[in-house]
Structure formats: C-alpha cells, structure tokens
Amino acid sequence: MGISKKAYSALESIVGSKYISDDPAVCEGYRSGPGGYESGLGYERVMTKIPAVVVLPRTTEEVQRIVRICNRYSVPYVPYSTGFYGPRSHCHVENELLIDMKRLNDFEIDEKHMFAVVGTGVIYSPLQEEAMKRGMYVIIGGGGAQASVVANLIGDGWSPLSHRIGLPHRRILGTELVLPDGELVKMGSLAVGDDPFWGDGPGPDLRGLLRGFTGLRGCLGIVTKMAVKLLPFQPEKPMPTGIAPNTALALPEKRMKWINYQVPNKAAQVKAMFEISKAEIAGAVTKVPLFWRSIAKAECKEDFWDLWGKESEETVKNFHIVRVLLIGFTSEEQMKYDENVLNDIMAELGSQPRATKPSDESWIKNADSAGMWLMCGSYVSVDYIIETLSHATQHGEFYADLKKKYTPPLMPDYGDPGWFQSFELGHQGYSEFLVYWDQDEDTTGVDHFYVETSKMNIKNRFYTSLLGPHQPLYLTGPMYGPNYHQWLLKVKDEFDPLWVCHPPTPLAHDVFVEKAEWMKSIKDWEVPKKFPMPKWE
Amino acid sequence: MPTTQFSLDIRKLDNFAYDMSRCIKCKGCYWVEHTYMPGVRFSTRCPSNTWNDFDAYGAFGKMRIGLGIIEGKLKWTPKLLEIVYADPLCGACDVGCKRNLDLEIGLGLEAMRVKAVQDGAGPMPAHKKIAQNIAKNHNQFGAPHENRKKWLTSDIKVADKADVVYFVGCSASYVNPEIAQATAKILNATGTPFMLMKDEWCCGNTLFSVGMLDEARELAKRNIEAVKALGAKTVLTACAEGYRMWKVDYPKLLNIATSDLGFNVMHLVEFADEALKKGSLKLTKPVDVRLAYHDSCGISRLADPWTPYSGERGWMGMVNPRLKRRRGTTGLYAQPRNILKAIPGVTFVEMPRTRENSFCCGAGRGTKEAFPDLASFSAKHRLEEVREVGAEALVSACPWCKSNFAQAVKENGDKIRVMDIAELILASLQA
C-alpha cells in the first residue's frame, strides 16, 4: 500500500526526486535480514518489514521537515545510519518510512580544542584516521570501525580502550537532536551558541535522553550532528601493513605494545586488573573469549572449527589471559616505566609476558566486529554490563551456565564465560556475553535464551544494559524500577505522542513475545491487556 | 544437520543463496578496509554505491535483492536491471567481504546477471548492441574486422613461431594502438619473440560480464583452440580485462581450472617485472614525471586463478571439501610498482586508495556502454585522488582504464596526463 501520495510528494519536495524512492527493488535493499546482528532470529523474522519508502536527507533542516511531514500524515519512520545494528535499526511496521542518514556526512575537526564534529553518516575509522593524523585518538566501539560514530555513541561506544578513555557518554559534546515531532534540541554549548565544544549546557543534562544507559534505538528522535571529544595520543602513527585479509597496524614499538600474560586463575586475573588500574598504567586491559584466538589464527571457517575442536572445558576453564596494551602517551621512557611496573605486578601474580606480534589487528583502528560472524554465520552480544571488576567477572559465569541449556542451537563453547575487562582505570568492570549459532537450525532456543538471560540477571541481581529496547519492557521494568517501564513510556508519550518514531520501540520485544507463538511457553510476567501505544497494523 | 549440495556455478543463482543470506551489512564491501582507511575523504571503494547512495546499489543491498529474486518476490523492472547492471563488478566488494566473512559476493553478482539473461530481461540494450558487433565484426566497437591489425607498424618484429602469443584485445587494437605498439616494442627490446593470433577475435569480456554466457563460452572455446593451434606456451596481454578473462573467466566458463588451460596467462607488468629482474629489460632513459598508479581491477583483486568447486555445506555453514577462497591476494600489486620505481626520473606517489582498496575507474564489464554517467563519475572521483597527491600523470595497466580516465580528464579540463604503463616503459627504453 505504501504511504499516501500527498505524503510522498511532500517528502519529495524536501529532498528532490533523486533521494527518495518507493521502488520495490530499492526498498528490498533495506531488508533487515536474514543475515546480520541477531541473524535469522524470531525477532528479525516477526518484527521487521521492508520499508515502503526510503528517503535520504542531507541536512538537519531536511530531517526536521521530513519528521514534521511524518507527524502531519501519520507516517511511521525509523532513522537508519548504517543498518549494521540488525533488525532493531530497521522498519518494524507496514507502510513505514526509512530515513537513511548516510548523506549527513559532514566532518570538522578542531585540533586546538580536541574535538570533532560529525554527522550521522560518518563512521569510526575515518574519524580515527583524522584524529591520529593530528596526534589524537578516539575509541572505536565494539560495534566496529564501520559503525556510525553518532549511532554507536548514543548506544554503546566502548572497547578495551575504555580502560583509559572511559565511558562513551563522557565524550559526547554539543549535539543536535531532532525530536520525534520535528523540533530541534541543541545540547551542551550548542544551546547557547554555535560552538559545540562542551557537553554540558544550561538546565538538565539531556544526554540521558539520547542514550539512557545504552540508547533507545531511534525511538526518541534523530541525532543529526554531534561533537565528539578527542584524546591526546602518542605521536608516532601506526602504519597499515599487509594485503587483506591479513592486514594489521604496525605499532611503533617504543610507543605501543600489546602484551599477553597467562595468569594462574580468575582471582589473579581480577587482581591483575585492579593492580594495573591502581598503578594508572596501560591503554587497555582485557580478557577476551578463548575462541577469539582461534578466529585470529583461522584462515577460514573450517580452520576455525579444526582449531576450536581441539579445546575442551578444561582448557577453557584454565584460560586466564590478561591482555594489556601499553601506550607511551608522553614519551618512550613513560612506556618503559609502565612496562616495568606491569611486569612487576604480573610477576607478583606468578605470570610472565608472552611473545606477541608488534601489530594491532583490532581495536586501534579496525574494531573487527565483522569477524564475529566467521564461525557460525550468526551472532549477537546478548548482554553487556558495567559493574565493579569483581562483580562483572561473576556475570559471565552465570551466563555460561545458563547457556549450556541452550547449546545447541548455540555454538559449543565449552563454558566460555565471555569477555571481561577494566573500564575507567578499574573503577568499572565490563562483562559482555556473545553468542553464536547457525541460523539454518531451529533458533527457538536462541529466542528463549535471549529472554531467559533477563530473568537470570533479575534473579541474581545483575544489572543489564539492555533493559528497554532489547528485552520485554514489562519483564525488566518492574524489576529494575520498580517503575522504570512507566517512566520510559511517559517519556516516550511526552516526546512522541503519536508514536511515529520507530514504533513499537520501546515495547518492541514485548510485541514480539505476543506475536511469536513459540515464546508463550516462557512468558511468566504480567503485561497489560492492551499495550499503551497506538496500533500501527 | 542435513547438508546441501552447491557449486560455484554462476548459472544457478541458488548456489549463492547461502552467501546472500549471511550478509551482515558490515559494508566491508563498500568502505576502504579500515586498517587502510585514509580519512574522511576517499573512504569508499564501491563505485556503484558511491554513485548512487541507496543501499540497493551496494553489495549488501544487492545480496538482499538477490534473495528477493530467488524467492520470486521481485520482478524484473527497469530499476531492478539498473541496480544489477550499474556496476563495474570491480571485485572491491568481494575482497572486502573476504576480509572477514568469506562470502562469494562477486560470483553472486555475476549470477544475478546470468539470471537476468536467463529470464529474458537482461542484458541492457547497449550490451545487446555490443553482442551484435562482436557477432558481426568480432570486436565490440563494430569496427571492420580487417582493421584489427592496423596498429602494427613496420618497425615491430612479429615471429611466425614463438612461445609467446600477444593477445592484443579490442581496445588496444582499435582505440589505443599506442598501447599495442608499446607492448610489442617492449617484447622486441627484451629479445622475446612473440606471435600474434592468426585471426584475433574479441575476448568476450563484456558478453561474459553481462551474463551472456553461451556467447562468451563460444568465444572462449574458439580463442583457446586458436592458442593451442599456435602451440604457444604463454598468452601475454596488456589489457587487465583481457587478462582476467583469459586467466579466470575462460576457465570458469569451461568448468576447468586455470592450471588446466594448457598455457600460462601473463600480463605485461608480470613480464616486464621479471625481465627487469633478469636484466633483459633495461630502463635507462629518464622520464621526469610525478605519477600515481591506478590498480586496474582485472590484474589486481580479480586476478586470483580459478578452480571449479562443487561440494556440500553443512553445520555452521562449513563446506566439504575445503574451498580455497579467491581473496585477491595474488593480484599484481608489486610488479607495476617495481617497474615504475625503476624508471629514472619518475617520482612515484601512492594515492590514498591502493591495491585491493583501489577505486575502480568505472569503465569495465559493460558499465561504460550502458551507464556512461557512472563510468564518468567513477573516473572523475578517482582523478580527485590524483590531484590530492599532486601527481602530473596517472598510469594504469589497462586500455579501458586509460580511455575512461582520458575522457574524464578532457571533460574536467584537467592537465593530468593519462598513460598506460606500456607507454612509460617504452619511453624509458628509447635512447
């Protein structure tokens, strides 16, 4: 059916005929799956739709005008930056408009005051390159070097480098947000002038509106421009080497170095992270899943399974690596000092450095998230939490235990407790749990596991960063609030009374559970008879 | 878990349904590989999706569209044909994907064109005209066949019998005779006897590339038989498109391995690089120019040899027997650079996007004929890089690249000189 001719004409008058299309083939190109983040899962199959129309604005003003048209003609819309974030960044209802933001790709850098201003279409690796050319750096979030800087920063935005740089919301400076009704909000110093150099502005800090803890996935407006804080780096530029797929950044050896330490046990691992943090050294301190090592060594999927097949519960249980990135931010001597301190700390814990390559394959410039799909073809990070170091490490163990019940269809990983690292010089511990499966198998178990993780977190009093837009809000809200869901829905109603902005988020997972028959067996929480939102279908 | 049989046969689009279903929209097909990302400018390597911003024009969109075709959800329309054919099939997407995912993107795109032809929708009218030209005059321009050797000058020695046969190709025979002449003179200068084909016909690149496999296969058979009849051990070409055709796509069309052709396929840059190392090629005359080199797709990321494959796919998508993926790693990246750096007086500068990350000129595989706007856009976009690094000349190793760049330079009113590497080698040879 599409959207009305009047609405289409109005949109076309904003962007011109070249940048709008309702052609079925063009719209099919914006299909969510079946591959991608949350590949082929029930959520993708049940909740995503092909857009009726796609529009590509160029400026904030065009975005505002498009959104106003959507409100005038009751056209649901979803903002879309790169589409990498799987089904949750795609259309969810029939006759929806997809606003592709890739043409908002303006970029400015203020070297003196150390920030860059990016449009929504700018991705991480060019930003990092521009920063490094000028002796600065940013975090390329775990979402990958191909992620939109804006989308990643209002959602996630962390990596092992968060050990030193810190959490993402601290790096968001002056920002422009088009509200769901088209009104423009200027945040931080942009609220009082044209210079976006500062994140705080008059009145309450509205950055919470952008991301809460991990973002609301486009249901509370569209960020069109953001100033991002850049941090001072060491002066020697790492140089790219090799031909794909075997490419890496050659590190300046006296200024940057990855070192791996095998430690005797998990307690030593946590202790090491504490001590390194207390000494205020290192650019990154992390422990990654053991199978990532097999991914790094494998030339192909079959190679991976050959390598991984040699591991066992025993080897995984005894795999206690602390991987440390040293950066001589101020001088070669500083890095040498840091290395000496590090070796002293690790020696006291009974550990010696292992030989590592003088290069970086991931995190500095190419956060290699796409490699996560190599082994199975399907992947999602089902949860990530930020807690204390000692609390975060337990989180992964609970997950690994729950996962056994759902393996298969989940990938056999011999009880690997996931990814764990220090953030903000040890003031926080980060735990992320990644799961993999073959989407050609029955994925009901993966759909169930996803929701069961919330119940596990609630039961064991773990925080979860994926409260609203990734889990049933009526399951998590009462438990984490007790009225978190009511507040979130009030905020949604206040800013988007028509619910035109990416409906039915933040109730999307609730709607999924209602629609998917196979989810009924695990639904043991209360929901209202009718969800408090307009019905779009 | 049950296994499914599949092969790399582009005659069946279904063979690539798995690859299409596993695209994750990481856009490794679109962006320059992140390790090599040069900055905010020149950040993409996909000509089609840089030309047209809708996702449908990137490989990640086309994979979804390919599935839509397989599932019968999409009908052939002018827009769908544009999406499928407005693409130089330069291989950037394929090697980009194989950085992490090993999906057969390039073959999937070729199979979509074959499907368009099978369904009676493709190719584009401009391609049909080329097919008519080839059928009638054995070249894609429709020029008189008897003019094919007009490039040959009296000072070039051609042997009656030799190990090497120089396959000139349509472009160097009719449009860029200076490339053919330079190539032949380089062979002469190194003391390498060479033959020409008795009656050279088009290599069939455009026919193959637009999905007209039957017609392309006939040319492949005819040309291969002609080489065998000559008894040549090496087919040498100075055309990147022709090189790829002989080395990769003839075997693909005939379901044989490159190693089963019965002769070697060699590009001039391989020959010249080896000759330089052996000392039979001496580059002594200074050529004072600051130049940049453009990696032509056919001799770089598309150049890995072909091996037929059929097998089964099972749990987690693992294939049996093992499949050696063509990732573009054996492309001729070093050879042209070795040559250019050996020429006295040359100041060699790299553009921001090089090797497997190069931005295609946009001319190849039927694009310039059917979508001249895209070819012009792509070449002009690449020329911005030439200006960025302050080069006076742009050197490539393919007559199709040269023609397209030269036209773009003319339209721009630029002062950039566009040259083929054969011309530059020759300039350094002549005393």
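This passage walks through some sheets, helices, cavities and a pocket of a predicted two-letter chain model, A and B.

The model is predicted, so to speak on its own terms: local features need pLDDT of at least 70, side-chain atom pairs count only at pLDDT 80 or more, and totals for chains, interfaces and linings use all residues. Residues are numbered from 1 along each chain as its sequence is written, chains are lettered from A and ligands numbered from 1 in the order in which they are written, and side-chain values use heavy atoms, with hydrogens and water left out.Chain A has an open sheet of four strands in the order S1-S2-S4-S3, with mixed pairing. Helices and strands here are DSSP runs (H or I, at least four residues, for helices; E, at least two, for strands), numbered from the N terminus, and two strands pair if DSSP finds at least two bridges between them. At the edges sit strand S1 (20-21) and strand S3 (77-80) of chain A, each of which pairs on one side only. S3(A) runs parallel to strand S4 (residues 97-100) of chain A, and four bridges join them; one bridge puts Tyr77(A) with Leu97(A). Helix H4 (residues 60-73) of chain A lies across strand S2 (53-55), S3 and S4 of chain A, at about 170 degrees to S4(A). Such angles run from 0 to 180 degrees between N-to-C directions, with axes as lines fitted to C-alpha atoms, for helices over the stretch in contact; contact means heavy atoms within 4.5 Å.

Further along chain A comes strand S6 (residues 115-119), which is largely enclosed by the rest of the structure because five of its five residues are buried. Buried means under 20% relative accessible area, with exposed over 50% and partly exposed in between (1.4 Å probe, protein chains only). In a regular strand the side chains alternate between the two faces of the sheet. Here Phe115(A), Val117(A) and Gly119(A) point one way from S6(A), while Ala116(A) and Val118(A) point the other way. On one hand, S6(A) runs antiparallel to strand S5 (residues 107-110) of chain A, joined by four bridges, with Ile109(A) opposite Ala116(A). The hairpin of S5(A) and S6(A) has four residues between the strands, and in it Met114(A) takes a positive phi near 60 degrees. S6(A) also pairs in the antiparallel sense with strand S10 (residues 222-229) of chain A, over five bridges, and there the bridge partner of Ala116(A) is Val228(A).

Helix H14 (residues 389-405) of chain A has a good number of names on its buried list, including Leu389(A), Ala392(A), His395(A), Tyr399(A) and Lys403(A). Among what covers the buried residues of H14(A) are helix H9 (266-278), strand S19 (378-387) and helix H15 (444-459) of chain A.

Over in chain B, another open sheet of four strands has the order S3-S2-S4-S5, with parallel pairing. Its edge strands are S3 (194-196) and S5 (264-267) of chain B, each pairing on one side only. From one strand to the next, the twist averages 30 degrees. Strand S2 (residues 164-166) of chain B pairs with S3(B) in the parallel sense over three bridges, and Val165(B) stands opposite Met195(B). Two helices lie across parts of this sheet. Helix H9 (residues 177-189) of chain B crosses S2, S3 and strand S4 (234-237) of chain B, at about 160 degrees to S2(B). Helix H13 (residues 268-278) of chain B lies across S4 and S5 of chain B, at about 80 degrees to S5(B).

As for empty space, the structure holds 11 cavities of 30 Å³ or more. On a 1 Å grid over the protein atoms alone, a cavity is a set of points where a 1.4 Å probe fits but cannot get out, a pocket is an open set with protein on both sides within 12 Å along at least five of seven lines, and lining residues have an atom within 4 Å of a point. Points are joined across faces, edges and corners, and a volume is the space filled by probe spheres set on them. The largest cavity has about 190 Å³ of space and is lined by 22 residues, with Asp94(B), Gly106(B), Glu110(B), Leu302(B) and Arg326(B) nearest its centre. By class, its lining has seven nonpolar, three polar and 12 charged residues. (Ala, Val, Leu, Ile, Met, Phe, Trp, Tyr, Cys and Pro count as nonpolar, Asp, Glu, Lys and Arg as charged, and the others, Gly among them, as polar.)

The second largest pocket has about 650 Å³ of space. Of its 25 lining residues, Asn105(A), Tyr30(B), Val40(B), Ser43(B) and Thr44(B) lie nearest the centre. Helix H16 (residues 372-388) of chain B gives the most to this lining, with four residues.
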